[in-house]
Amino acid sequence: MDISTQNTSAPPTPEPPQAEQKRAARGATRPGDRIFLGLSRGSGILVLVIMAAIAVFLSYRAALAISKDEANFFTTFEWNPSGIPPQFGIAVLVYGTIVSSIIAMVIAVPIAVGIALFITHYAPRRLGGPIAYVIDLLAAVPSIVYGLWGFMVLVPHLDGLYGWLDEYLGWTGIFEWNGGAPRSMLTVGILLAIMILPIITNVSREVFRQVPRMHEEAALALGATRWEVIRMSVLPFGRSGVISASMLGLGRALGETMAVAMVLSPSFDINASLLDPGGGTFAQNIASKFNEATPMGRDALIASGLVLFVITLLVNGAARMIIARRKEYSGANA
């Protein structure tokens, strides 16, 4: 065979990924593709419209209430919107909501991450499966059940813990206990930690399961111990997922109503000690006062709901910023 007759042309140059994506977008003309594109786009727009409608409604009703408030809405330690003149403020509610949520996060996040690591990297499969199943069941328990348990079981059995904290840490002022029923911010924080623990655990567990096996095997090949593998490979990979899980738990802690209302002795006072009864949260105040509120009182409660709405948006926005800064650890880039 004559060599000169052979085809010596170079193979075609592959198209860049951008060109393939544009061609695929132009070729998505089948009815199913158009319907799916329209539904996806419409769903995204609908969410934005609903959020905007909620913000407009809350802002309008809040403006009506704040315009008639004779006290400072942000610094007043009183809630009397039905008085003459009406006076109400959210200082106590902001403090109680933030403090109880912080206590819950400080307790729940380390425990949840530890449980997730134990299930995925330490426990044998026969033990890890039942533990994961029990955690899933805890996530399905209604809030009212947690509230009843907290009122009937948790509160009566916290005297020992409160006494120990007062004896050894009472000198700080934060854990000083003057007696009385332990229906305080610390009790609320403990109950909220139990409630958000399943959410953080389940999401963190699924994130840790997505760690590429090659990362762990490479660390083991270099002589790393199991803890070093977790510290160098698992935790950096799952950091964004753990942050997302924590924000989901924080969202539930910020908006919890019935459970908090059943274990807290509400009062519009800010106590330096976390063990003294009193305080309040936005959700608890709305749930306990809405039915008996006058039209002015309902507008005032809606104004406090607007503040909680803004706090939730700020928390979620901060979480997105943290995740975006650590996107090199996301599963998509692994």
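**Notebook: pockets, a cavity and transmembrane spans**

I started with the largest pocket, and its volume comes out at about 270 Å³. Note to self: this is a predicted model.

Next I looked up who lines that pocket. From the earlier part of the chain I found Thr120 and His121, then Phe208, Arg209, Val211, Arg213, Glu216, Leu220, Arg226, Val229 and Ile230. Which helices supply at least two residues each to this lining? I noted α3 (91-122), α7 (185-209), α8 (213-221) and α9 (226-255). I also sorted the pocket lining by class and got five nonpolar, two polar and four charged residues.

Then I turned to enclosed space. How many cavities of 30 Å³ or more are there? I got one. The largest cavity has a volume of about 60 Å³. Around the largest cavity I listed Tyr95 and Met185, followed by Asp269, Ile270, Asn271, Ser273, Leu274, Asp276, Gly278 and Gly279. By class, this cavity's lining splits into four nonpolar, four polar and two charged residues.

Last, I checked the record. UniProt, in an unreviewed entry, puts "transmembrane region" at residues 44-66, 86-119, 131-155, 185-204 and 300-319. I picked two of these spans to compare with the model. Residues 86-119 are 85% helix and 6% strand, with the end C-alpha atoms 54 Å apart. Residues 185-204 are 100% helix and 0% strand, and there the end C-alpha atoms lie 27 Å apart.

Notes. Residues numbered from 1 in each chain as written. Predicted model: local features only at pLDDT ≥ 70, side-chain atom pairs only at ≥ 80, totals over all residues. Heavy atoms only, no water. 1 Å grid on protein atoms, 1.4 Å probe; cavity = no way out; pocket = protein on both sides within 12 Å on 5 of 7 lines; lining within 4 Å. Points joined across faces, edges and corners; volume = space filled by probe spheres on them. Helix = DSSP H or I, 4+ residues; strand = E, 2+ residues; numbered from the N terminus. Nonpolar A, V, L, I, M, F, W, Y, C, P; charged D, E, K, R; others polar. UniProt positions renumbered as here; feature names shortened; annotations may be inferred.
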